[in-house]
Amino acid sequence: MSQAEAVPADPIATAQDLAQRLAATAARRDAAGGTPKAERDALRASGLLALSIPRELGGLGADWVQTLETVRILATADGSLAHVYGFQHLHLATVQLFGQPAQWRPWLLQTARHRWFWGNTLNPLDRRTTATRQPGHWEFSGKKSFTSGALDSQMLVASAIDADSGQLLIGVVPTERTGITLLRDWDNMGQRQTDSGSALFERVRVEAAELLLDPGPLSTPHAALRPLLAQLILAHLFLGIAQGALEQARGYTLNEARPWFKSPADAAGADPHIQALYGELWAALEGARLLTLQAAQRFDAAWRRGPALTAHERGEVAVAVTAAKIATTRSGLDLSSRIFEATGARATHAALRFDRFWRNLRTQTLHDPLHYKLQELGDWVLNGTHPQPSFYS
């Protein structure tokens, strides 16, 4: 495969076309769960997995505003695929932020050339996996949770706790390396095709050159952009899911729903109460969209600053991202629940699975409690204190 074949000429149009195809089977696949192999292969074929990779390494070199926009577009159709796709670009950014070019340039080059999918076994709150030093290498052993996208991937970002120092170590290993078992035990109410179950590491060999130690996790303001990108990907995911829910509900209201018997309108779309509800939902979502776009633009500018980024500049981006995350969480959860007020009782039919939008949002939003985000933002409003870098802020 040539580099030209690996990269779409128009990534936004490519994402829109792919989203249409994903939408056609989204409800059925939500019911089935499991690994969406055909859909992941469609992502591979689209070239979008290399969207954020620099041009000189075979990618398109898209900025973060455009890359995140493709996450949002895919999320309107399929929250699960958009999640693992967004985290693909998070992992590619992680190795650039935490490691040295001599490490990550070959990984990115091979990703673009061979359409590699990257999976997640980095969970800093899960300390069950330990790292022990061996002559010339390390060994990771233990269980990992929330391994989104690990199944059907080629590379994994993995974390473990140094058994001697207690330090968090992050490395990059091939998914098929000896000692890694992906347990296929994800069966949650939402995000049902993210394969976010658990993995078992049994004396997995990790070479010194595979550890991201320079500059290392969250060690500089620039390296500490990683959690902000993770939060921003989720904000675009939430926004896209909510927009998809609104569009599905709109179509049903116009074509299937019936006005209440006391309504003065002949059609549900002409009912003043239903119109008012749609106006309310859209206004909240539009506010969240603008906050999310602003956060993406500020993140993109910070990324371009590179190692020159200051702690204050990073903090200002963190405030924008936090506001976007709060707004998309709240408006998304509210909208995906209240669409049934506009669509009516028949819209609860199991085959439609309109509830998947709320289930997907509710499942993902619980991984990062909103009240802590609100506290961080409130501390900044009152005291001018920026959110302190952690893997969740």
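Which residues does UniProt list for "domain: Acyl-CoA dehydrogenase/oxidase N-terminal"? The unreviewed entry gives residues 17–113 for this annotation.

## Model and annotated spans

The structure described here is a predicted model. Over residues 17–113, the chain is 75% helix and 0% strand. The C-alpha atoms at the two ends of residues 17–113 are 23 Å apart.

A further UniProt annotation from an unreviewed entry, "domain: Acyl-CoA dehydrogenase C-terminal", covers residues 233–368. Helix makes up 74% of residues 233–368 and strand 0%. The end C-alpha atoms of residues 233–368 lie 13 Å apart.

## Domain assignment

The domain assignment of the protein gives domain 1 as residues 9–116, domain 2 as residues 118–208 and domain 3 as residues 222–381. Between the C-alpha centres of domain 1 and domain 2 the distance is 21 Å. Domain 1 contributes 25 residues to the contact, and domain 2 contributes 20 residues.

## Interface of domain 1 and domain 2

About 2,100 Å² of area is buried between domain 1 and domain 2. Carbon and sulfur atoms give 52% of this buried area.

Three salt bridges are found across the interface of domain 1 and domain 2. In addition, 17 residue pairs are in polar contact across this interface, with both residues at pLDDT 80 or more. On the side of domain 1 that touches domain 2, the elements giving two or more residues are α2 (11–32), α3 (37–46), α5 (79–98) and α6 (101–114). The largest share of that side comes from α5, with nine residues. By residue class, the side of domain 1 that touches domain 2 divides into nine nonpolar, nine polar and seven charged residues.

A salt bridge is also found between Lys37 and Asp152. The closest N and O atoms of Lys37 and Asp152 are 2.8 Å apart.

## Backbone features in loops

Two loop residues call for separate mention. Arg115 lies in the loop between α6 and β1 (118–121). Although Arg115 is not a glycine, its phi is positive, at about 60 degrees.

Pro215 is placed in the loop between β7 (199–207) and α7 (225–255). The peptide bond that joins Asp214 and Pro215 is cis, with omega about 10 degrees.

Conventions:
Residues are numbered from 1 along each chain as its sequence is written. This is a predicted model: local features need pLDDT of at least 70, side-chain atom pairs count only at pLDDT 80 or more; totals for chains, interfaces and linings use all residues. Side-chain values use heavy atoms; hydrogens and water are left out. Domain bounds come from an automatic or database domain assignment. Contact means heavy atoms within 4.5 Å. Buried area is the accessible area (1.4 Å probe) that two parts lose on being put together, summed over both. A salt bridge is a side-chain nitrogen of Lys or Arg within 4 Å of a carboxyl oxygen of Asp or Glu. A polar contact is a pair of N or O atoms within 3.5 Å; within protein, one must be able to donate a hydrogen and the other to accept it, and residues adjacent in sequence count only if both atoms are side-chain atoms. Helices (H or I, at least four residues) and strands (E, at least two) are DSSP runs, numbered from the N terminus. Ala, Val, Leu, Ile, Met, Phe, Trp, Tyr, Cys and Pro count as nonpolar, Asp, Glu, Lys and Arg as charged, and the others, Gly among them, as polar. UniProt positions are given in the numbering used here, feature names are shortened, and annotations may be inferred rather than shown by experiment.
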